[in-house]
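Here's a quick briefing on the chain you have open. Have a look around first, then read on for the points worth checking.

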Amino acid sequence: MSLEIRIAASTDAEAACNVLRRSIKECCELDHKNDPAILDAWLGNKTPQMVANWFSSPTNYSLVALSEGAVVGVALLTGAGKLALCYLLPEAQRRGIGKALLTRVEEQACSWGVKALQLHSTASGKDFFAQRGYTDAGKVRSPYGVETVFFWKQLDEDATCPNAPKRKKFCNCNSA
């Protein structure tokens, strides 16, 4: 399997949109329960034009994962430190691609000086983020009607950001 992760371009929007739509429909059934109203709301903004807009925004860091030259994954980090997208085609799951995308996103967040990443995970993705050191901070209802899990991860003290400046102590006291 050849894997390439690169910055997403607007020309990737159609293939990335396909990843988003298939992943939501096929991998997130636990979340949407095949409810047409939830699916319509969730997929409503997952159009090639909207994805191209997200990719071209100067405040976003967007990635695509390619296997054998085809887009199989997409991730998007906002300048505010929110992982807004991290989706894979169903057949691309459990092959290390999601982990590779997340690693690149975390590295970018570190380079921007982001101290903590945050995201809203589906029930389907909950274990993936928990296994990568993200802290479950409770449930939040999404605008499209799905209950999500709010996750966050401290980056500045994590091995993800080895070059991040360490926090200064305010005193030289020892805590016992």
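Is Trp-112 buried, partly exposed or exposed? Its relative accessible area is 35%, so Trp-112 counts as partly exposed. Keep in mind that this is a predicted model. The chain has six helices and seven strands, and 41% of its 176 residues count as buried.

**Overall layout**

- Reading from the N terminus, the elements go β-α-α-α-α-β-β-β-α-β-α-β-β.
- Helix 1 covers residues 13–27, helix 2 covers 29–32 and helix 3 covers 36–43.
- Strand 2 takes in residues 60–67, strand 3 runs over 70–78, and strand 4 over 83–88.

**Helix 5 and what follows it**

- Helix 5 is made of 15 residues, 97–111.
- At 1.5 Å a residue, helix 5 should span 21 Å, and its end C-alpha atoms are indeed 21 Å apart, so the expected and modelled spans agree.
- The buried residues of helix 5 include Ile-97, Gly-98, Leu-101, Leu-102 and Val-105.
- Further along helix 5, Glu-106, Gln-108 and Ala-109 are buried too.
- As background, an α-helix has 3.6 residues a turn, so residues three or four places apart point the same way.
- Gly-113, just after helix 5, has a positive phi of about 85 degrees.

**The three-stranded sheet**

- Three strands make up an open sheet in the order 5-7-6, with antiparallel pairing.
- Strand 5 (116–121) and strand 6 (135–141) sit at the edges with a single partner strand each, so one side of each has no neighbour in the sheet.
- On average, neighbouring strands of this sheet are turned by 25 degrees against each other, direction ignored.
- Five bridges join strand 6 to strand 7 (residues 147–154), again in the antiparallel sense.
- Across from Phe-151 in strand 7 you'll find Asp-136.
- The hairpin of strand 6 and strand 7 has five residues between the strands, and there Gly-145 adopts a positive phi near 95 degrees.

**Aromatic pairs**

- There are five aromatic pairs in the structure.
- One of them is Tyr-61 with Trp-112: the ring centres are 6.3 Å apart and the planes stand at 80 degrees, so this pair is edge-to-face.
- Tyr-61 belongs to strand 2 and Trp-112 to the loop between helix 5 and strand 5, so the pair ties together parts 51 residues apart in sequence.
- Tyr-61 is buried, at 10% relative accessibility, whereas Trp-112 is partly exposed.
- Phe-129 and Phe-151 form a tilted aromatic pair, at 6.2 Å centre to centre and with 45 degrees between the planes.
- That second contact links distant parts of the chain, with Phe-129 in helix 6 (residues 126–130) and Phe-151 in strand 7, 22 residues apart.
- Both Phe-129 and Phe-151 are buried.
- Phe-129 and Phe-151 also belong to one aromatic cluster together with Phe-128 and Tyr-134.

**Positive phi outside glycine**

- Lys-33 isn't a glycine, yet its phi is positive, at about 50 degrees.
- Look for Lys-33 in the loop between helix 2 and helix 3, where it is exposed with a relative accessible area of 63%.
- Glu-68 is another non-glycine residue with a positive phi, near 55 degrees.
- Glu-68 sits in the loop between strand 2 and strand 3, and it is exposed as well, with a relative accessible area of 58%.

**The largest pocket**

- The largest pocket holds about 1,100 Å³ of space.
- It is lined by 44 residues, and those closest to its centre are Cys-86, Tyr-87, Thr-122, Gly-125 and Phe-129.
- Strand 4 contributes the most to the lining of the largest pocket, with six residues.
- Elements that each supply at least two lining residues include helix 1, helix 3, strand 3 and strand 4.
- Helix 5, strand 5, helix 6 and strand 6 also supply at least two residues each to the lining.
- Phe-129 is worth a second look: it is among the residues closest to the centre of the largest pocket, and it also takes part in the tilted pair with Phe-151.

Definitions and conventions: Residues numbered from 1 in each chain as written. Predicted model: local features only at pLDDT ≥ 70, side-chain atom pairs only at ≥ 80, totals over all residues. Heavy atoms only, no water. Helix = DSSP H or I, 4+ residues; strand = E, 2+ residues; numbered from the N terminus. Expected span 1.5 Å × (residues − 1). Buried < 20%, exposed > 50% of the residue type's maximum accessible area, 1.4 Å probe, protein only. Pairing = 2+ DSSP bridges. Axes fitted to C-alpha atoms, helices over the stretch in contact; angles between N-to-C directions. Phe/Tyr/Trp six-rings, centres within 6.5 Å; stacked < 30°, edge-to-face > 60°. 1 Å grid on protein atoms, 1.4 Å probe; cavity = no way out; pocket = protein on both sides within 12 Å on 5 of 7 lines; lining within 4 Å. Points joined across faces, edges and corners; volume = space filled by probe spheres on them.
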